[in-house]
Amino acid sequence: MDADVTDSAGPPSDPDRPDEDKPQDMSRDSSQDRSREESGRAEAGSGSGEAGAAAGADEAGTGETGATAGSGAAPGQGEADGVQTWADQPKDGSLAARKSHWLRWTALVASFLVLIAAGVGWWMYKKLDGNITTDTSAAAELKAYEKERPTPVVMDAQNILLIGSDSRAGDNREYGRDDGGSQRSDTTILLHLAADRKSATAVSIPRDLMVEIPSCRTADDKKTRERFTQFNSAFELGGTACTIRTVERMTGIRVDHHMVVDFNGFKDMVDAVDGVEICLKEPINDKDAHLELPAGRQTLNGEDALGYVRARKSLGNGSDTERMERQQQFLGALVNKMQSNGVLLNPTRLYPVLDAATKSLTTDPGLDSLRDLYDLVRGMRDVPTEQVQFLTVPRQPYRNDPNRDELVEPDAGDLFQQLREDKPVAVVPADELEEAERDQESGRDGKPDDAGSESPIPTPTYSGSSAADDLCKQ
């Protein structure tokens, strides 16, 4: 019976615990605080029982789980009072630990992916950069003749000589016989980029054009004599440097950079943009060019595209003139395909094009890095397709040999002056230009009498095409 007696001044006595170990002062303070918070809830005479329950709850808060069960506190009361119960603590701690663990793993994975992306990007950059072949010999040769080279007139404009090599050595021997690896410039284009980068003009130079070729140094370190002969001999005699010097002497235009592209590079670039669309009025069957195509609209892959731009005997009148025009139109369609499909702005689509191009490129030291090529492409990507123009230098059959060409003056001189001074050049289809010239000669310019005598065709105007032209509407 004595064990049931309680002390009104404190919690129930614990026979297993000495009096000096009991936290009586803490229990008393807790009882007083809770009595003030819960005043009016119970009778004054039952305060000792309430205090005992409060003491049990308080001990539970300090880590004594056995007292929690005996306190008699209602479920959720600790939450309602703003006091976290012991049962909640392990749950919250585990959640925080899991969250911290997840954040650490997320950061680790993100860092790993960034490192992989950076590594892949660096590998791709180095691969493309390493594809390019640097022509240091041409640069050295040109430096030796610096005093005779033209002085640039407009500093921000750029003139780049594009040379398509027709070497039959190595992988290219399938396109013709191999003359011991000798090569001539099958296609040569002087590309002028305006200083404001709002236009680009590509001028084809006929390979059979009769020109003055200066004395050049050969591959075996011998010097050739000056001669008047067909243009593509310069590349065979003295390589790129001799070709550049021949162009500069003929045009008075300073060549800032050069690129030599072989057959396989052209094929791979066409394949990288998923082919280029053309239209044929008649079917083609050219065994020499390995080309057999039906008439009508069609998309050419790299192999067929190469045969198409090189074919001569089976297309048109078999002249090199028509072949150059066909090359210009196809290059325009290729540029249009790259711009209209967003290739230049899409890294995943641009990489295959750059890979194909850089594998077949030999450039001067000023364009022998991917960064240099990217800056060049970036400067051209905003040029409207209608302002990417193609034409052939004004020429006519050479008077001493109709199988060769000669410049038409003063038209050729006027064109070279426009490019030197970075002035605009207009091109129109050949039939439109011929009609306009006939109208001018007959005094009919297609305008009313009060419209003045100004020609409807801008001056100077040349026969040519632009990248915006649709080959299927011509």
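Which residues of helix α12 are buried? Good morning. I shall take up that question in a predicted model, and then turn to two helix pairs.

Helix α12 covers residues 370-380, and its buried residues are L370, L373 and L376. Viewed down the axis of α12, these buried residues fall within an arc of 125°, so they line one face of the helix. The general background is familiar: an α-helix has 3.6 residues a turn, so residues three or four places apart point the same way.

I now move to helix packing. Two packed helices are described by the angle between their axes and the distance between the axes.

The first pair on my list is α6 and α7. Helix α6, residues 136-144, packs against helix α7, residues 233-251, at an angle of about 45°, and their axes are 8 Å apart. The two helices are therefore oblique to each other, and their crossing is right-handed. On the α6 side, A138, E141 and L142 make the contact, and on the α7 side T240, A241, I244 and R245 do so. By class, this contact has 4 nonpolar, 1 polar and 2 charged residues.

The other pair is α8, residues 263-272, with α9, residues 302-310. Here the packing angle is about 125°, with the axes 8 Å apart. Helices α8 and α9 are therefore oblique to each other, and the crossing of α8 and α9 is right-handed. From α8, the residues F263, F266, K267, V270 and D271 meet G302, E303, A305, L306, V309 and R310 of α9. The residues of this contact divide into 6 nonpolar, 1 polar and 4 charged.

Thank you for your attention.

Terms used. Residues numbered from 1 in each chain as written. Predicted model: local features only at pLDDT ≥ 70, side-chain atom pairs only at ≥ 80, totals over all residues. Heavy atoms only, no water. Buried < 20%, exposed > 50% of the residue type's maximum accessible area, 1.4 Å probe, protein only. Helix = DSSP H or I, 4+ residues; strand = E, 2+ residues; numbered from the N terminus. Arc of directions from axis to C-beta. Axes fitted to C-alpha atoms, helices over the stretch in contact; angles between N-to-C directions. Parallel < 35°, antiparallel > 145°, perpendicular 65-115°, else oblique. Left-handed = near helix turned anticlockwise from the far one by under 90°. Contact = heavy atoms within 4.5 Å. Nonpolar A, V, L, I, M, F, W, Y, C, P; charged D, E, K, R; others polar.
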